[in-house]
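Me: I am new to this structure and would be grateful for a close look at a single part of it. Please set that part in the context of the whole chain and explain each term as it arises.

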Amino acid sequence: MALAAGTGSGPLAEECFGWAVRYAAYDERADRGVELPRERWVPVRRGRRQDTIFDLASLTKLCTTMVALRAVERGLIALDGRVAAYAPECTAAAEHGITVRQLLTHTSGLIPELPLYEEDGRERALARLAAEPPATPPGTARRYSDLNFLLLQRVVERSAGQPLDRLVQETVTGPLGMADTRFNPPASWLPRIAATEDQRRPWGKLDRGMLRGVVHDENAWALGGVAGHAGLFSTAGDLAALCRALLAGGGPVLSAESTELMLTAPGLGFEVDQPWFMGELAGRGAAGHTGFTGTSLVVDRARGAYLVLLATTVHPRRRPGDSAPRAAAATALARALD
């Protein structure tokens with residue numbers, strides 16, 4: 001695990017613990033990991049150009065959100081504009097009048113996910129996504145859904161005329177100097193990347209074996225590794241830089257007005273005041289998110305602080321989620337600052 005905590009003026013704590021690579025596989029019969037020879041274990045590291053790189057999973061949604069809000073600032077899209085106005089191929093969204101704001105607030109009515117990885121190729125997967133109708137009327141209830149951010153990806157790509165990976169680089173990672181953050185990391189990064197899962201059925205949705213350096217999320221993988229809901233890889237140091245920018249008002253990524261809108265309840269892309277992973281940082285407008293692989297990020301503007309936790313809790317295989325360590329770390333930070 002890698003931890004980065006700090007304030008708008010700089011770091012308070014940067015620590016690393018445990019192993020980025022330890023297991024060769026998961027033994028289903030014994031219900032335990034099959035360890036690599038000890039000399040092949042790779043520790044989680046920190047240090048300039050040495051930080052361990054993690055699969056961010058749903059923390060990707062935060063960068064997609066910032067790309068979308070930058071498009072709003074540029075007049076390319078409107079928060080209350082209809083998805084179909086920008087991505088007319090999204091036929092179900094057109095029929096039901098789903099808006100960009102509803103995607104960002106998870107109020108579109110769409111179900112949490114679809115098995116897009118079952119489709120024969122990326123185009124068929126996107127066609128299935130485009131045809132999926134909401135399960136409840138848009139705007140009537142909140143239901144967290146990866147599909148919202150896959151549709152949002154279509155909106156920003158169509159409106160800007162560029163793919164999401166390039167938009168994230170130009171809008172977020174480039175301006176902030178986040179050199180260790182990208183989709184589809186190159187082979188040269190592999191020695192620094194933490195392994196995720198021995199992904200096999202029945203606990204996984206596909207039989208892909210031990211994953212390292214390729215996106216863990218099955219739908220993101222089926223879509224080529226670049227997806228609005230998952231796919232980014234990054235380091236604790238890079239995400240700390242992002243957090244400091246948000247604490248400072250969003251520049252040079254977003255205007256102060258967009259940042260305020262994004263981080264204020266109910267939040268756009270960000271979750272606000274969620275004690276289950278924010279611990280005692282929650283309650284005064286803290287905003288953040290979690291990722292299925294074991295990642296989380298919290299920005300607490302009331303205290304002027306942030307907390308980044310990156311881990312691979314799916315190594316060697318996924319288990320039921322447990323956010324108690326996330327909440328405990330956040331509570332420790334809140335008490336130290338208070």
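Reply: In the protein chain, 63% of the contacts with a separation of 6 or more join residues 24 or more positions apart, a contact being heavy atoms within 4.5 Å. This is a predicted model, in which local features need pLDDT of at least 70 and side-chain atom pairs count only at pLDDT 80 or more, while totals for chains, interfaces and linings use all residues. Residues are numbered from 1 along each chain as its sequence is written, and side-chain values use heavy atoms, with hydrogens and water left out.

The radius of gyration of the protein chain is 19 Å, which agrees with the value near 20 Å for a compact globule of 338 residues; this radius is taken over C-alpha atoms, and the globule rule is 2.2 Å times the number of residues to the power 0.38. Of these 338 residues, 56% count as buried, that is, under 20% relative accessible area, with exposed meaning over 50% and partly exposed in between (1.4 Å probe, protein chains only).

The secondary structure comprises 12 helices and 15 strands. Both are DSSP runs numbered from the N terminus, helices being H or I with at least four residues and strands E with at least two.

The part chosen here is strand S14, residues 295-300. It belongs to an open sheet of six strands with antiparallel pairing, in the order S2-S1-S15-S14-S13-S12. Strand S2 (10-16) and strand S12 (271-272) are the edge strands, each pairing on one side only. Two strands pair if DSSP finds at least two bridges between them.

On one side, S14 pairs with strand S13 (residues 287-291) in the antiparallel sense over five bridges. Here Thr290 stands opposite Ser296. Three residues separate S13 and S14 in a hairpin, and Gly294 in the turn has a positive phi of about 120°.

Five bridges also join S14 to strand S15 (residues 305-310), again in antiparallel fashion. In S15, Leu309 is the bridge partner of Ser296. The hairpin of S14 and S15 has four residues between the strands, and Gly304 in its turn has a positive phi of about 65°.

In a regular strand the side chains alternate between the two faces of the sheet. From S14, Thr295, Leu297 and Val299 point one way, whereas Ser296, Val298 and Asp300 point the other way. Because six of the six residues of S14 are buried, the strand is largely enclosed by the rest of the structure.
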